[in-house]
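Here is a walk through one protein chain. Keep the sequence and the model side by side as you read.

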Amino acid sequence: MVSERPIKHILLLLTALVSATLLAGAQAHNIADGDAAFVAGNAGAAVVPFIYLGAKHMVTGYDHLLFLAGVVFFLSRPGQIVQYVTLFAIGHSITLIVGVLANIQANAYLIDAIIALSVVYKALENMGALQRLGRWHPDTRLAVLVFGLFHGFGLATSLQELELNPDGLIVNLISFNIGVEIGQIIGLSLIIAAFSLWRQHPGFDRTAFVSNAALMCAGFVLLIYQLTAWQLAG
């Protein structure tokens, strides 16, 4: 039997992640001033720096991590995890690259509000709330792909604000996206390891509902924050 101490550490880690999300608010997709200055002023291909920036964004992207935590919460088979994470990565990659290259404009607050809603959706699904919809229940895999599109588009809107130099743009975007996937692997590895240990504890089912309720609350706070910011900005 797994001791109580690791379980307490896992719950503390989850609480810290949710708390960080609430404190981060609308900053989930913002690029730090120093990094923003580099991206905006860069001319030409810069593979390694953009890989680093992409990895940094994902590791510190609380909304991404919370959504992915919700996605893998009840997944234990490696094949399932790879399938769902791949769908998210495909969606994220498409809108990140196409959104910037095609200069598709959208309101950043509304996109981030949808991203916050993705966290709420996944938490509700994990809590069994959506099962009552019966045949109208959204396909889980399709939902992950669609929300992945919005997550990638959220970052694309932030990059567009920096007025990227067209010189080396494609190479830098691909490098950035590779970094995002590296950061995703790092973040997910820690989350999956924690969940694997947690599932061995007999109290997992009891604490799982409470944890997803906290996840849902974090998503609602981010949703309200973004909608409020949108109204104030208008």
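How many aromatic pairs does a search of the whole structure find? The search finds 11. One of them joins Phe38 and Phe50, with ring centres 5.9 Å apart. Their planes stand at 45°, so this pair counts as tilted. The contact links distant parts of the chain: Phe38 sits in helix H2 (residues 33–41) and Phe50 in helix H3, 12 residues apart. Their surroundings can be read from the accessibility values. Phe38 has 32% relative accessibility and therefore counts as partly exposed. Phe50 is buried, because its relative accessible area is 6%.

A second pair brings together Phe73 and Phe204. The ring centres lie 5.8 Å apart and the planes meet at 25°, so this pair is stacked. It also links distant parts of the chain, here 131 residues apart. Phe73 belongs to the loop between helix H4 (62–72) and helix H5 (78–101). Phe204 is in helix H9 (residues 204–233). Phe73 is buried at 3% relative accessibility, and Phe204 is buried with a relative accessible area of 7%. Both rings are part of one aromatic cluster, made of Phe73, Phe74, Phe195, Trp198 and Phe204.

Now step back to the overall fold. The model is predicted. The chain has 9 helices and 0 strands. From the N terminus on, the order of elements is α-α-α-α-α-α-α-α-α. Of its 234 residues, 49% are buried.

Helix H5 is a useful check on geometry. It has 24 residues and spans 34 Å from first C-alpha to last. That is close to the 34 Å expected at 1.5 Å a residue. Just after H5, Asn103 adopts a positive phi of about 50°.

Next, the interior. In soluble globular proteins, nonpolar side chains tend to be buried together. The largest nonpolar core here holds 51 residues. Val72, Val100, Leu159, Leu164, Phe176 and Phe195 touch the most other members. H2, H3, H4, H5, H6, helix H7 (140–160), H8 and H9 each supply at least two residues of this core. H8 gives the largest share, with 8 residues. Phe195 deserves a second look, since this core residue is also a member of the aromatic cluster.

Which helix gives the most to the nonpolar patch on the surface? The answer is H8 (residues 169–199), with 6 residues. The patch consists of Val59, Leu101, Ile170, Ile174, Ile178, Ile182, Ile186 and Leu190. Together they offer about 700 Å² of accessible area. H8 thus appears in both settings: the core and the surface patch. Val59 comes from helix H3 (residues 47–59). Its relative accessibility is 38%, so Val59 counts as partly exposed.

Charge comes last. Side chains of opposite charge can pair when their charged atoms come close. A search of the whole structure finds 1 salt bridge. The side chains of Glu125 and Lys122 meet there, at 2.4 Å from N to O. Why are these two residues separated by about one helical turn? They are 3 residues apart in helix H6 (residues 108–126). Are they buried or exposed? Both Glu125 and Lys122 are buried.

Technical notes:
Residues are numbered from 1 along each chain as its sequence is written. This is a predicted model: local features need pLDDT of at least 70, side-chain atom pairs count only at pLDDT 80 or more; totals for chains, interfaces and linings use all residues. Side-chain values use heavy atoms; hydrogens and water are left out. Patches are made of residues with over 30% relative accessible area and no salt bridge: like charges are joined within 9 Å, nonpolar side chains (Val, Leu, Ile, Met, Phe, Trp, Tyr) within 5 Å. Accessible areas come from the Shrake-Rupley method with a 1.4 Å probe; for residues, only the protein chains shown count as cover. A salt bridge is a side-chain nitrogen of Lys or Arg within 4 Å of a carboxyl oxygen of Asp or Glu. Helices (H or I, at least four residues) and strands (E, at least two) are DSSP runs, numbered from the N terminus. Buried means under 20% relative accessible area, exposed over 50%, partly exposed in between (1.4 Å probe, protein chains only). Rings of Phe, Tyr and Trp (its six-membered ring) pair if their centres lie within 6.5 Å; planes under 30 degrees apart count as stacked, over 60 as edge-to-face and the rest as tilted. The expected span of a helix is 1.5 Å times one less than its number of residues. A nonpolar core is a set of buried Ala, Val, Leu, Ile, Met, Phe, Trp, Tyr and Cys residues joined through side-chain atoms within 4.5 Å.
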